[in-house]
Amino acid sequence: MTDIVLAPHTRPVPVPVGEIMPWAVFGSLLLLVAIYFVGAEQGATSLIPGMYVHEFLHDGRHLLGFPCH
Amino acid sequence: MVGNLLLRGMLVGVIAGLLAFGFARVFGEPEIDSAIAFEELMTKTDTPAHAVPHSHGAGGMHTHGEASEAELVSRVTQAGLGLLTGVVVYGAAIGGLFALVFAFAYGRVGQLGARATAALLALGAYVAIVLVPNIKYPANPPAVGNPNTLGSRTELFFLMIVVAVAALTLAVALAQRLRARLGTWNAAIVAGVTFAVFIAIVQYALPSVDEVPNQFSADVLWRFRTASLGIHAVLWTTIGLLFGALTERSMAARFGQPIAARPIGR
């Protein structure tokens, strides 16, 4: 129980693709939208009128390396 | 199980984002302030460079200084809550996507356990998503970059990320195929060199962006860009190591085959 395990006692078994796919589709859509809002909304492209999103996320955008303006 | 991994990845990403925010505050914000001071100086002296502060289209007031009347978001908010929101949301998104790729990679790339898979995956992601794109199209502080080329710069930046991710994925697949013939070390070297040569050719061929104003401090630019790389390093290191540590046990229990009970011939 207190042993430090250097060599694992199990070998990894792949997670079935069928089990991953629904989550992968749902998750990547949701998360890519999040990245779009952090990185590009009211910058390179714009869905919401105005500059508030751009100005609010201004510093993060610059420091994360997204082309800001 | 996968939904659980996704949630765990996002939570780890939030923690990584908080740490990255601390790093950004200390090492990034002073450089942003310097860049904005430069920008304001250029406005005051009315220097006709493309360093002239960006105004986005009609009525798009984009000024950073306290002096400007039509300030949408104060500098304090931009450098505080705004930066925190941006980095933490980005961290959560990156963490979630990381968890999904991890679910695919686990048990499929060599015989690595959860921690080793997560650590190597994070390292690969840092190379493909951050390091390689930043070598060609580095992060720019305020006052650097022509607003008129924003569209093409954004396209090139994302193109570079997509190319690097695809190239690294193919390189890993190549290493897997060569492994039986060349052994793990040599297969990894061949795949790594192939990746590096391919990236070098692509970056040589793609157009360069050359938009730093003449008088802009090279030191501020260097510190800003290394701070940007550092923020991503904090993000990916935290995600790779923490996700692996939190996932090791449950992955071995659910998707691990006891070595002693392994059927003969496999």
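**Exercise 1.** In which sense, left-handed or right-handed, does helix 2 of chain B pass helix 3 of chain B?

*Solution.* This is a predicted model, in which local features need pLDDT of at least 70, side-chain atom pairs count only at pLDDT 80 or more, and totals for chains, interfaces and linings use all residues. Residues are numbered from 1 along each chain as its sequence is written, while chains are lettered from A and ligands numbered from 1 in the order in which they are written.

Step one is to find the elements, helix 2 (residues 75-105) and helix 3 (residues 114-136) of chain B, where helices are DSSP runs (H or I, at least four residues) and strands are runs of E (at least two), numbered from the N terminus.

Step two is the geometry: these helices of chain B pack at an angle of about 125°, with their axes 10 Å apart, the axes being lines fitted to C-alpha atoms over the stretch in contact and the angles running from 0 to 180 degrees between N-to-C directions. That makes helix 2 of chain B oblique to helix 3 of chain B, since angles under 35 degrees count as roughly parallel, over 145 as roughly antiparallel, 65 to 115 as roughly perpendicular and the rest as oblique.

Step three gives the result: the crossing is right-handed, that is, the near helix is turned clockwise from the far one by less than a right angle (anticlockwise would be left-handed).

**Exercise 2.** Describe how strand 1 of chain A pairs with strand 1 of chain B.

*Solution.* Strand 1 of chain A and strand 1 (residues 256-258) of chain B pair in the antiparallel sense over three bridges, where pairing requires that DSSP finds at least two bridges. Within strand 1 of chain B, B:P258 stands opposite A:T10.

**Exercise 3.** How many residues does each chain give to the contact?

*Solution.* Chain A gives 36 residues and chain B gives 55, with contact meaning C-beta atoms, placed from the backbone, within 7 Å. On the side of chain A that touches chain B, helix 1 of chain A gives the most, with 10 residues.

Technical notes:
Contact = placed C-beta atoms within 7 Å.
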